[in-house]
Amino acid sequence: MGLLMPLGILTIRGSNKAEPGSRKSRILFYFHVAFQMLSVLLATVGAAMSLKKFENSFDNNHQRLGLALYGAILLQAFIGFFRPHRGKKVRSYWYLVHWILGTIVSLVGIINVYTGLRAYHKRTLKSTMFWSIVFTVEVSFIGLIYLFQDKMEYMKKQGVIEGGSDESTMSSSYQDVIPQRQNQKEMLPVACGKINALGNLFD
């Protein structure tokens, strides 16, 4: 919940930014499917172990949130299998539901990891500070990558625009300088036989 599902989100975002139908887009999409399927399988194993090994009276936030979360995971996987083809009108509605539910599942899953660590500490009285720090660092790193994905294309476009504008500016400046120099040559003053300006007026 705290690693594979966020990685699945990063890979599908990368797939959407790649050229449609390209090899990179397909590979990232398959990674997305693999991460999400593995997440569902591990969540199922975790739920089965929880029911078998621990008391599940659902009297704490971790158990209640985990139950709702597991139902949302199964629903998200079911929606993912019935993805409409591109070009259909229902595709936009499917994408909106899949995106919103996936985002909620990932965020709530991260929160539930912290509640699980807290529940473990209360049950065993063992410190979970180390794992809390490790998980926080990992989630923060994934969050930075998530934000960087949005800015990467913008940064590339800025670089291309600035580079192109510099070249065009330089070329245009050179083109402007050449006519100016030619005009300067054409506008050179012609030597006059009479030095006195008043003499020219009354000549």
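Start by selecting Ala43: leaving aside residues up to four places away in sequence, alanine 43 touches Tyr70 and Ile73. Keep in mind as you click around that this is a predicted model.

Now widen the selection. Ala43 and Ile73 both belong to the largest nonpolar core, which has 11 residues. To show the rest of this core, add Met5, Val40, Leu69, Ala72, Ala77, Ile79, Trp94, Leu101 and Val105. Colour α2 (23-53), α3 (61-81) and α4 (90-124), the elements that each give two or more residues to the core. With 5 residues, α3 gives the most.

Next, try the spans that UniProt's unreviewed entry annotates as "transmembrane region": 27-51, 63-82, 94-117 and 129-148. Pick out residues 27-51 and you'll see a span that is 100% helix, with its end C-alpha atoms 36 Å apart. Residues 63-82 come out as 95% helix and 0% strand, and here the end C-alpha atoms are 29 Å apart.

On to the rings. The whole structure holds 5 aromatic pairs, and one of them is worth a stop: tyrosine 114 with phenylalanine 135. Their ring centres lie 5.1 Å apart and the planes sit at 70 degrees, so this pair is edge-to-face. Tyrosine 114 is in helix α4 and phenylalanine 135 is in helix α5 (residues 129-186), so the pair ties together parts that are 21 residues apart in sequence. Switch on a surface and compare the partners: phenylalanine 135 is buried at 9% relative accessible area, whereas tyrosine 114 is partly exposed at 31%.

Last stop: select Arg13 and Tyr146. Arginine 13 lies over the face of the tyrosine 146 ring, 3.8 Å from the ring centre.

Methods. Residues numbered from 1 in each chain as written. Predicted model: local features only at pLDDT ≥ 70, side-chain atom pairs only at ≥ 80, totals over all residues. Heavy atoms only, no water. Core = buried A, V, L, I, M, F, W, Y, C linked by side-chain atoms within 4.5 Å. Buried < 20%, exposed > 50% of the residue type's maximum accessible area, 1.4 Å probe, protein only. Helix = DSSP H or I, 4+ residues; strand = E, 2+ residues; numbered from the N terminus. Contact = heavy atoms within 4.5 Å. UniProt positions renumbered as here; feature names shortened; annotations may be inferred. Phe/Tyr/Trp six-rings, centres within 6.5 Å; stacked < 30°, edge-to-face > 60°. Lys NZ or Arg CZ within 6 Å of the ring centre and 35° of its normal.
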